[in-house]
Amino acid sequence: MAFLEVENLVKEFIVTKKKEGLRGAVSSLFHPEKFKVRAVDDISFNIEQGEIVGFIGPNGAGKSTTVKMMTGILHPTMGSVKINGISPHKNRKAIVGKLGVVFGQRTQLYWDLRLGETFELLKRIYRIDDKMYKDNIKMLDEVLNITEIIDTPVRQLSLGQRMRGDLAAAMLHSPTMLFLDEPTIGLDIEAKHSIRNFIKQINERCGTTVILTTHDLGDVEQLCKRLIVINHGKIVEDGPLNSIIERMAPHRYLVVELASPHQNLFHPYAEVVKTETLRVWFKFDKSRIAATELISDLSKTYPIRDVSVKEPDIEDMIREIYKKPVIS
Amino acid sequence: MLENIKYYTSVALYYFKLSLQKQFEYPAMIISCVFMIPMMYGTGILLLYFMVHNFQPLGGWSFPQLAFLFGIGYLSHGLMMVFSVQNWWIESYVLRGEFDRMLLRPISVFFQFTVTYINFIGLVDVMVGLTIFLYSCKLINFVWSLHNIITIALVIIGGVLIRSSIFTIFCSVAFWTKRSESLFLLLNDMMERTTQYPMTIYPYFVQFILTFIVPIAFISFYPACEILGKDGRIVFPLGISVYTPIIGIVMFILAIMFFNLGLKKYESAGS
């Protein structure tokens with residue numbers, strides 16, 4: 001049994017269409033035009049303990065709705081979620097104590113009070129005993145430098161510091177699973193780095209399972225071994241990042257710089273896609289020919305000064321996935 | 001059981017502490033408090049003055065009796081303002097998705113919602129109510145026996161429970177409709193007009209509704225009838241003031257059930 005099981009999850013919202021103008025407003029009052037919108041459309045996946053899973057998709061794809069259903073905030077229209085075999089909808093209190101949740105756009109910290117006050121409140125709510133509290137603060141200090149900001153009122157913290165505070169608040173009760181909804185949104189490079197480092201650390205040290213939604217592909221590249229791509233409420237890709245890249249973009253480019261101009265360059269397994277005076281771009285399939293082989297073949301016949309291999313751009317690849325029509 | 005009571009108390013007390021700290025975080029708040037305390041008494045006395053000079057006997061009730069009725073009603077109103085004014089904002093909690101965080105914590109959402117805010121400004125209303133109540137007690141020669149003190153205390157606690165439960169139920173409609181403000185305004189007006197005057201001035205069917213459907217009449221009217229020996233039109237077996245705390249508790253349980261039912265319909269807010 002997987003640690004988190006999501007089965008045929010569906011969430012429908014009823015949206016009322018508003019008509020234009022005063023006449024429209026009156027007519028909407030008597031004959032409201034209602035229709036159903038499927039924000040999440042029959043998705044299923046399992047997540048094992050200790051995984052870091054990236055959950056990506058364009059705005060409005062259904063990421064946040066899915067996260068809210070997994071954490072028990074929203075009730076699914078159909079389907080089920082089970083964490084450790086327990087449904088957060090039927091038995092909320094039994095399971096949410098084992099979850100940590102951070103919404104990047106929304107803090108759970110008391111705005112006007114020092115950061116430590118929120119921690120003290122959480123200590124009481126989660127029944128954290130003194131020893132565990134002390135140990136966790138110590139651990140969080142090592143990875144997030146939390147004692148440096150614990151006495152500052154939250155409203156005076158920078159966005160990066162506030163995010164550190166929010167992550168620490170979510171980890172105080174040692175959750176086995178951490179949900180992070182856009183944790184790096186709006187942060188500078190340094191802050192992003194420290195958040196990513198934190199996620200890696202707690203995953204290694206505490207074995208915490210992490211589910212991460214993000215628009216930042218740097219997060220995905222550096223943290224996630226597994227990627228779930230969701231679009232129009234459906235899962236369009238699910239698997240290790242590498243294999244998705246392999247499948248989506250099996251081609252590499254070899255850029256060859258020639259010592260002297262040369263016409264009609266040719267190789268049976270590579271295709272010339274672009275030529276500038278001394279530079280030539282070869283497109284090749286990694287599974288048909290290795291880059292080294294191609295280089296040695298070419299250097300035998302042509303005067304080559306320099307070569308470089310271009311990896312596919314993840315961003316382009318993700319854009320391709322987003323553009324793919326969903327077959328329903 | 002004892003462990004649970006200890007747990008809920010420690011959480012509630014910490015919430016209260018944070019509420020207090022939050023409201024005192026801004027110096028303007030402290031300054032206004034310094035002015036507020038004399039103002040509390042001032043308003044109460046001023047209100048009394050107007051009442052003494054403008055109130056005519058109403059529906060067979062003399063001024064001291066009316067003041068007594070008003071005092072009981074206003075005291076429970078003030079206490080409700082302190083402890084459960086956030087019921088009024090269920091609508092905006094729903095619209096802004098503020099229940100998300102509460103749903104993520106391993107403790108009852110209704111409990112968190114109840115203790116999350118203590119409105120210290122509501123003490124102004126409590127002081128006004130207390131002043132009028134004590135003054136009217138003097139006028140009607142209220143006997144401060146242990147029995148009477150317990151009766152009054154139970155009536156006021158029951159009144160607070162009935163008031164806040166009614167608001168919880170009506171404002172929880174926002175879970176389904178997203179809006180409950182107009183309902184709340186109507187209710188607020190209705191409550192103000194029906195707890196401060198004897199029910200006997202209204203037609204019988206109004207009293208019937210306010211007794212058996214929305215039990216507002218138990219907040220101040222029936223208890224005052226009993227204590228003052230007035231005719232309340234509808235006769236109940238046993239002392240009527242026993243009903244107020246019982247109805248309070250029943251209403252409170254109903255309110256929790258209705259709130260939780262609404263919470264299942266909660267749709268959070270887009271981010």
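In this predicted model, strand β1 (residues 4-17) of chain A pairs with β4(A) in the antiparallel sense over five bridges. Strands here are DSSP runs of E with at least two residues, helices are runs of H or I with at least four, and both are numbered from the N terminus; two strands pair if DSSP finds at least two bridges between them. Within this arrangement, Glu5(A) is found opposite Lys82(A) in β4(A).

The wider setting is an open sheet of three strands in chain A, with the order β2-β1-β4 and antiparallel pairing. Its edge strands, β2 (33-47) and β4 (78-83) of chain A, each pair on one side only. On average, neighbouring strands of the sheet are turned by 30 degrees against each other, direction ignored. Helix α2 (residues 63-70) of chain A lies across β1, β2 and β4 of chain A and runs at about 120 degrees to β1(A). Axes are lines fitted to C-alpha atoms, for helices over the stretch in contact (heavy atoms within 4.5 Å), and angles run from 0 to 180 degrees between N-to-C directions.

Turning to the cysteines, the structure holds zero disulfides over all chains, a disulfide being a pair of cysteine sulfur atoms within 2.5 Å. Cys224(A) is in no disulfide, and the nearest cysteine sulfur, that of Cys206(A), is 18 Å away. Cys224(A) is buried, with a relative accessible area of 6%, and Cys171(B) is buried at 0%; buried means under 20% relative accessible area, exposed over 50%, and partly exposed in between (1.4 Å probe, protein chains only).

Residues are numbered from 1 along each chain as its sequence is written, while chains are lettered from A and ligands numbered from 1 in the order in which they are written. Local features need pLDDT of at least 70, side-chain atom pairs count only at pLDDT 80 or more, and totals for chains, interfaces and linings use all residues, with side-chain values using heavy atoms and leaving out hydrogens and water.
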